[in-house]
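User: Hi! I've just opened this one and would like to talk it through with you. Could you walk me round it?

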Amino acid sequence: QVQLEESGGGTVQAGGSLRLSCAASGSILSINPMSWYRQAPGKQRELVAHIASSGATNYADSVKGRFTISRGDAKNTVYLQMNSLKPDDTAVYYCYAQLSSPSTGWRTYWGQGTQVTVSS
């Protein structure tokens, strides 16, 4: 069974840093671009960062210059390095991927979410 598993969330003071990790496991044939989303209380889920198979990246304006998305050597892992964190970054962060497996073909997957809390 394919799943995405996130780790690295926690509580940090404003100005601090956290690194989120997301690993795809199971029988995987191919992985398309991977992304990080976040959802704050009372708000819609929003795209934070995206990395294409080519390595090209894009970011939400609110995190440009502070967050960096990258993929591991095995290409089934994605990271989000978050620096200069602000209280407005407080949210549940979700990993997202489109991938292909022998049993389901291409479909989208979401991680279970990891809480990031930034205190002022």
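User: Which residues have the most contacts inside the largest nonpolar core?
Analyst: Happy to help! Those are Trp36, Leu80, Met82 and Tyr93, in a core of 31 residues. A nonpolar core here is a set of buried Ala, Val, Leu, Ile, Met, Phe, Trp, Tyr and Cys residues joined through side-chain atoms within 4.5 Å. Buried means under 20% relative accessible area, exposed over 50%, and partly exposed in between, with a 1.4 Å probe and protein chains only.

User: Before we go on, what should I know about the model and the numbering?
Analyst: This is a predicted model, where local features need pLDDT of at least 70 and side-chain atom pairs count only at pLDDT 80 or more, while totals for chains, interfaces and linings use all residues. Residues are numbered from 1 along each chain as its sequence is written, and side-chain values use heavy atoms, with hydrogens and water left out.

User: Back to the core, then. Which strands each supply at least two residues of it?
Analyst: They are β3 (18–25), β4 (30–39), β5 (46–51), β7 (67–71), β8 (77–82), β9 (91–101) and β11 (114–119). The biggest share comes from β9, which gives 5 residues. Strands are DSSP runs of E, at least two residues long, numbered from the N terminus.

User: And what is Leu80 in contact with?
Analyst: Setting aside neighbours within four places in sequence, Leu80 meets Leu18, Arg19, Leu20, Trp36, Val48, Ala49, Phe67, Thr68, Ile69 and Tyr93. Contact means heavy atoms within 4.5 Å.

User: How many disulfides does a search of the whole structure find?
Analyst: It finds 1, a disulfide being a pair of cysteine sulfur atoms within 2.5 Å. The partners are Cys22 and Cys95, with their sulfur atoms 2.1 Å apart. This pair links distant parts of the chain, with Cys22 in strand β3 and Cys95 in strand β9, 73 residues apart.

User: Are those two cysteines buried or exposed? And why is the disulfide left-handed?
Analyst: Both Cys22 and Cys95 are buried. The torsion about their S-S bond is about -80 degrees, so the disulfide is left-handed.

User: New topic: which residues line the largest pocket?
Analyst: The lining is Arg38, Gln39, Ala40, Lys43, Gln44, Glu46, Pro87, Asp88, Thr90 and Ala91. By type, that divides into 3 nonpolar, 3 polar and 4 charged.

User: Where is Lys75, and what does it touch?
Analyst: Lys75 sits in the loop between β7 and β8. Not counting residues up to four places away in sequence, Lys75 touches Ile31 and Met34. The C-alpha atoms of Lys75 and Ile31 are separated by 7.7 Å, although the two are 44 residues apart along the chain. Lys75 is partly exposed, with a relative accessible area of 48%.

User: What about phi of Ser84?
Analyst: Phi of Ser84 is near 50 degrees, a positive value in a residue other than glycine. Most residues other than glycine have a negative phi. Ser84 lies in the loop between β8 and β9 and counts as partly exposed at 41% relative accessibility.

User: Last one: Ser100 and Ser103, buried or exposed?
Analyst: Ser100, in strand β9, is buried, with a relative accessible area of 8%. Ser103 is exposed at 67% and is found in the loop between β9 and β10 (105–110). Leaving out residues up to four places away in sequence, Ser100 touches Ser27, Ile28, Leu29, Ser30, Gly105 and Trp106.

Key:
Helices (H or I, at least four residues) and strands (E, at least two) are DSSP runs, numbered from the N terminus. On a 1 Å grid over the protein atoms alone, a cavity is a set of points where a 1.4 Å probe fits but cannot get out, and a pocket is an open set with protein on both sides within 12 Å along at least five of seven lines; lining residues have an atom within 4 Å of a point. Ala, Val, Leu, Ile, Met, Phe, Trp, Tyr, Cys and Pro count as nonpolar, Asp, Glu, Lys and Arg as charged, and the others, Gly among them, as polar.
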